[in-house]
Amino acid sequence: MARLGLVLGAVLTAVFVGAALISLVWTPWPTDGVNIAASLRGPSAAHPLGTDHLGRDMLSMLMAGAQTSLAVALLAVGFGLLLGVPLGLAAAALRGSWLDAAIMRANDLVFAFPALVIAVLITAAFGPAATNAVLAIGIFNTPVFARVTRGAALSLWTLDYVRAARLAGKDAARISVEHILPNIAPILIVQASIQFSLGILAEAALAFMGLGAQPPQPSWGRMLADAQTQVMRAPQLAVLPGLAITLTVLGLNLLGDGLRDRLDPRRAPP
């Protein structure tokens, strides 16, 4: 069953990542082409998923929206990894010190402000944009990775091979990079897949509220916001991007669960 979930998650993730990559060079129709005469049309040979209220091809919008949503989530995860992992490694290496306490209390402070609140503050200062959504979600991801890294690293600092490295004259920074980080990498990979799925939800929420990607840049959250006024006449305008978000998040969660089962040596093989 676990293997089936891993395969299904990998397939769903590959489908949407593939669509996003293809949209970089090709979409069936231009996403910025407005044709009011062709608005709200049903599926046809020319438009397999129909058109929206501005006459834009829904398949093209979904493909380009995948590009925006996945890019924002991926960059936010990378932001969190680049900041959170070094902080977590430093806190574990200096466990019990004032610097360890300062890092953890700073993490608690960031946790007190959800990504949406951070996005509102950033938007108030710099204006709404996809880059600001990356910054907001990335800031929220940072303490997550810092905590996961510190917790996983602490259990390794008491092991014999780490003690041997210290007796060999290696300093804490070198031990963290050469011995601790490679051994906690599987845990970080699993956490990254989880944060990736949460990042897609956060990006959709921010775009829905007008705090993320701005028109004419396609985004699944923006598509949901635009569909509000047409939901009774054309419910597919909301169903299709909502389904895309659901399937992408489901795929990433299944992939994360499958990777956890495969990479965690404490778990029995399926």
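In helix α6, which covers residues 160-167, R163 and D160 lie three residues apart, so about one helical turn separates them. Their side chains meet in a salt bridge, with 3.8 Å from N to O. This is a predicted model, and the distances and accessibilities given here are computed from it. D160 has a relative accessibility of 59% and therefore counts as exposed, because the cut-off for that class is over 50%. R163, at 46%, is partly exposed. The pair thus joins an exposed aspartate to a partly exposed arginine.

A similar arrangement can be followed in helix α9, residues 236-263. Here D257 and R260 are three residues apart, and so are separated by about one helical turn. D257 forms a salt bridge with R260, and the closest N and O atoms are 3.7 Å apart. D257 has a relative accessibility of 34%, which makes D257 partly exposed. R260 is partly exposed as well, with a relative accessible area of 32%. Elsewhere, R105, D108 and R147 are joined into one network by salt bridges that share partners.

The next pair has other surroundings. R56 forms a salt bridge with D52, and the closest N and O atoms of the two are 2.8 Å apart. R56 counts as buried because its relative accessibility is 10%, and buried means under 20%. D52 also counts as buried, at 5%. Both partners of this bridge, R56 and D52, are therefore buried. In general, side chains of opposite charge can pair when their charged atoms come close.

How many salt bridges does a search of the whole structure find? The search finds nine. Among them are the bridge between R163 and D160, the bridge between D257 and R260, and the bridge between R56 and D52.

The last stop is T68, a residue of helix α2, which runs over residues 58-93. Is T68 buried or exposed? Its relative accessibility is 5%, so T68 counts as buried. Which residues is T68 in contact with, once its neighbours within four places in sequence are left aside? They are E203, A213, Q217, P218 and S219. This threonine of helix α2 is thus in contact with residues from another part of the sequence, including E203 and S219.

Conventions: Residues are numbered from 1 along each chain as its sequence is written. This is a predicted model: local features need pLDDT of at least 70, side-chain atom pairs count only at pLDDT 80 or more; totals for chains, interfaces and linings use all residues. Side-chain values use heavy atoms; hydrogens and water are left out. Helices (H or I, at least four residues) and strands (E, at least two) are DSSP runs, numbered from the N terminus. Buried means under 20% relative accessible area, exposed over 50%, partly exposed in between (1.4 Å probe, protein chains only). Contact means heavy atoms within 4.5 Å. A salt bridge is a side-chain nitrogen of Lys or Arg within 4 Å of a carboxyl oxygen of Asp or Glu.
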